[in-house]
Amino acid sequence: MTMTTGTTTPAAPVAPSRGTLRPLGLDEVQITGGFWGRRQTVNGAASLAHIEHWMEREGWIGNFDAAAAGSLSPLDRGGREFSDSEVYKLLEAMAWEIGRTDDAELDGRFRALVRRVGAAQEPDGYLNTNFGRPGQRPRYSDLEWGHELYCFGHLFQAAVARARTRPDADDGLLAIARRAADHVVETFGPDGIASVCGHPEIEPALAELGRATGDRRYVEAAALFVERRGTGTLAEIHLGQEYFQDDVPVRDATVLRGHAVRANYLAAGAVDVAVETDDTDLLDALTTQWENTVARRTYVTGGQGSQHEGEAFGHDFVLPADRAYSETCAGVGSVMFSWRLLLAQGLPRYADLMERTLFNVVATSPSHEGTAFYYTNTLHQRVPGTVPPTDVASPRASSSLRAPWFAVSCCPPNVARTLAGLAAYVATTDDDGLQLHQYAPSTIRTTLGDGRRVELDVETDYPVDGLVRVTVVATEDRPWTLTLRVPGWADGAELSTPDGVQPAPVGTVSVHRRFAAGDVVELRLPMSPRVSRPDARIDAVRGCVAVERGPEVLALESVDLGGTDVSDVRLDLGAGVREVDGRVLVTVATVPPADGPWPYGDPSGLPDAPRSEVPLIAYHDWANRGPSTMRVWLPLA
């Protein structure tokens with residue numbers, strides 16, 4: 001594996017000690033506006049306070065206060081067994097946001113929350129509000145469902161975020177995390193409990209904590225958990241051991257399976273282990289799993305998980321639009337997995353899937369105001385949604401409209417931490433140059449692996465427009481390489497450099513030259529709407545097409561049909577798809593339902609069905625205009 005080193009550890013969620021590419025941190029890349037800049041602003045101004053409010057209201061933060069006071073009983077404790085983890089995800093989101101904005105008021109709230117968490121830690125480092133106290137179950141007595149190690153994992157990731165964005169902070173979060181990690185190493189080491197957590201998460205967290213602290217024991221513990229997984233250490237359950245990914249050893253698996261979030265978190269951690277131990281066989285196995293999962297078990301939106309039971313992957317090509325679970329957290333996990341493979345191997349296909357998932361899963365979850373969220377992300381809403389109450393947590397993950405909070409609210413803080421740290425996914429470097437993977441207005445100020453200073457400004461209105469303009473602000477008088485990703489859908493892209501215009505083939509396009517301040521490189525991506533047909537083996541949407549534009553999947557929403565339901569229209573593909581004044585328009589035939597005693601028979605009425613031209617919207621924007629029906633896959637007339 002290629003060694004790539006930098007002069008400093010980036011302020012980023014992932015900082016491998018080796019790999020093809022070196023990530024850049026929030027101290028090197030800043031998103032300055034555009035699609036993602038607006039979402040970061042809403043996240044920082046509204047979502048973080050909203051999430052903190054609900055965690056206080058539901059008693060999830062108060063659990064730590066009661067635990068510290070010795071007054072926490074099972075009847076008094078708020079939230080599910082894993083609610084501690086949501087507080088840690090909030091801390092991580094806050095840490096990245098503070099690193100991004102230097103918000104003093106948020107820093108004060110962060111420190112206050114750390115004090116409340118730390119006060120509940122036991123002398124031996126154990127920290128969990130659901131186990132080990134009088135009246136509660138003993139520690140590690142329910143590894144299948146207890147989530148103790150899962151909670152530790154999110155604590156460690158919060159500490160890494162704080163250590164990398166504010167290495168001189170004296171709030172104590174890193175010390176809390178290290179005491180807990182030392183406890184885990186001792187308790188689950190080679191001579192300890194020979195098992196794993198029912199919900200993977202501690203694996204990537206331990207690996208990253210090891211990188212951040214230089215303590216190799218944490219990486220070794222992550223490797224031990226990865227090797228134990230799939231050996232049947234957890235009890236059999238009605239969903240099967242594949243739900244926990246405990247049915248097949250990681251290095252023997254060929255596709256992601258079981259609970260989709262768990263599967264992606266485990267895969268991400270296994271990549272970390274493979275990289276840190278230079279285990280090429282393990283990395284090859286994970287690459288195969290990624291390839292097969294993308295080819296057979298991933299929705300057009302990038303969403304993963306087609307089974308409501310078990311929040312799980314289905315069999316190959318079982319991707320029903322109207323039963324898509326596509327949990328937001330699974331999308332976050334997919335981004336984590338793909339990013340680690342990208343850093344290790346440098347292949348643009350990983351950034352392609354990240355882009356698809358970010359625009360069509362992560363960006364879909366929060367409302368425009370940032371105070372309501374989708375947990376699941378269906379691709380076909382058959383009945384108008386029900387407006388959830390604003391003062392009660394929704395009991396249903398599959399709520400038909402975004403809800404302000406859920407009884408299981410893993411997704412809101414997961415989205416928050418992803419958006420706050422999103423700049424860390426924009427660009428990378430190696431010894432020869434800089435690579436742009438995600439397109440957003442941004443400033444990049446960094447040093448290449450050999451010490452050369454590079455400063456760039458990126459201007460773009462992507463995905464509204466396909467022009468990405470990169471201006472060299474400052475550089476040294478030596479040649480280096482600027483590489484830009486050309487998405488897999490962007491046939492016909494062009495690159496303009498100081499030396500002229502050239503085709504930009506799908507994959508990556510590079511410019512190697514002696515850049516000077518003021519030099520401009522422009523990538524022009526074709527943004528015309530395009531029609532996508534499903535693989536014929538995806539039975540659920542055979543005879544349908546989806547319309548995409550750039551990285552965005554489009555949807556038809558009943559709000560734009562004048563009262564007609566989306567299930568009553570068929571796409572007239574012969575009339576074409578056109579874009580007018582920024583709106584994508586299609587022609588549909590309206591076929592009113594013909595109720596009868598038997599719902600089968602010969603099709604009729606389509607040739608003479610009335611036609612009308614209607615707009616499509618970006619899927620991530622659906623359900624922001626009130627209750628509606630919606631579909632991504634459109635049946636053909």
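Reader: Hi! Let's start with E9 and E12: in which sense do they pair, and over how many bridges?
Author: Hello! Strand E9, residues 480–486, pairs with E12 in the antiparallel sense, over 7 bridges. Do keep in mind that this is a predicted model.

Reader: Thanks, noted. Which residue is the bridge partner of leucine 484 in E12?
Author: That would be valine 509.

Reader: And does anything pack on that sheet? I mean, which helix touches E9 and E12?
Author: Helix H12, residues 348–362, packs there and touches both E9 and E12. The direction of H12 makes about 50 degrees with that of E9.

Reader: What is the strand order of the sheet that holds E9 and E12?
Author: The order is E1-E4-E5-E9-E12, so to speak a row of 5 strands in an open sheet, with mixed pairing. At the edges you find strand E1 (22–23) and strand E12 (507–513), each of which pairs on one side only.

Reader: Nice. Now the sheet with E10 and E11: how many strands, and in what order?
Author: There are 7 strands, running E2-E6-E7-E8-E13-E10-E11. This sheet is open too, and its pairing is antiparallel. Strand E2 (29–31) and strand E11 (500–503) each have a single partner strand, so one side of each has no neighbour in the sheet.

Reader: How much does it twist from one strand to the next?
Author: The twist averages 15 degrees from one strand to the next.

Reader: Where do the side chains of a regular strand point, generally?
Author: They alternate between the two faces of the sheet.

Reader: Back to E10 and E11, then. How many residues sit between them in the hairpin?
Author: The hairpin of E10 and E11 has 2 residues between the strands. Strand E10 covers residues 494–497, and its antiparallel pairing with E11 runs over 4 bridges. Threonine 497 stands opposite glycine 500 in E11, while leucine 495 has glutamine 502 as its bridge partner.

Reader: Changing topic: I like to check backbone oddities before I set anything up. Which residues does the cis peptide bond join?
Author: Tyrosine 462 and proline 463, with omega at about 10 degrees. Proline 463 belongs to the loop between strand E7 (453–460) and strand E8 (467–475).

Reader: What about phi of phenylalanine 317 and of serine 326?
Author: Both are positive in residues other than glycine: phi is near 70 degrees for phenylalanine 317 and near 45 degrees for serine 326. Phenylalanine 317 lies in the loop between helix H10 (280–296) and helix H11 (328–345), and serine 326 lies in the loop between H10 and H11 as well.

Reader: Are those two buried or exposed?
Author: Phenylalanine 317 has 12% relative accessibility, so it counts as buried, the cut-off being under 20%. Serine 326 is buried too, with a relative accessible area of 0%.

Reader: Great, on to helix packing. At what angle do H5 and H6 cross?
Author: Helix H5 (residues 148–165) and helix H6 (residues 173–188) cross at roughly 140 degrees, and their axes come within 9 Å. The crossing is left-handed.

Reader: Which residues of H5 and H6 meet there?
Author: Among them are Leu149, Phe152 and Phe156 in H5, and Leu173, Ile176 and Phe188 in H6. By class, the contact has 15 nonpolar, 1 polar and 1 charged residues.

Reader: How far apart are the axes of H6 and H7?
Author: They are 12 Å apart, with H6 and helix H7 (residues 202–213) packing at an angle of about 120 degrees. That makes H6 oblique to H7. The crossing of H6 and H7 is left-handed. H6 contributes Leu174, Ala177, Arg178, Ala181 and Val184 to the contact, and H7 contributes Ile202, Leu206, Leu209 and Thr213. These divide into 7 nonpolar, 1 polar and 1 charged.

Reader: One last pair: at what angle do H8 and H9 cross?
Author: At roughly 125 degrees, with the axes of helix H8 (residues 216–228) and helix H9 (residues 260–277) coming within 9 Å. H8 and H9 are therefore oblique to each other, and their crossing is left-handed.

Reader: Which residues meet in that contact?
Author: Arg216, Val219, Ala222, Ala223 and Val226 in H8 meet Gly269, Ala270, Val273, Glu276 and Thr277 in H9. By class, that contact has 6 nonpolar, 2 polar and 2 charged residues.

Methods. Residues are numbered from 1 along each chain as its sequence is written. This is a predicted model: local features need pLDDT of at least 70, side-chain atom pairs count only at pLDDT 80 or more; totals for chains, interfaces and linings use all residues. Side-chain values use heavy atoms; hydrogens and water are left out. Axes are lines fitted to C-alpha atoms, for helices over the stretch in contact, and angles run from 0 to 180 degrees between N-to-C directions. Angles under 35 degrees count as roughly parallel, over 145 as roughly antiparallel, 65 to 115 as roughly perpendicular and the rest as oblique. A crossing is left-handed if the near helix is turned anticlockwise from the far one by less than a right angle, and right-handed if clockwise. Contact means heavy atoms within 4.5 Å. Ala, Val, Leu, Ile, Met, Phe, Trp, Tyr, Cys and Pro count as nonpolar, Asp, Glu, Lys and Arg as charged, and the others, Gly among them, as polar. Two strands pair if DSSP finds at least two bridges between them. Buried means under 20% relative accessible area, exposed over 50%, partly exposed in between (1.4 Å probe, protein chains only).
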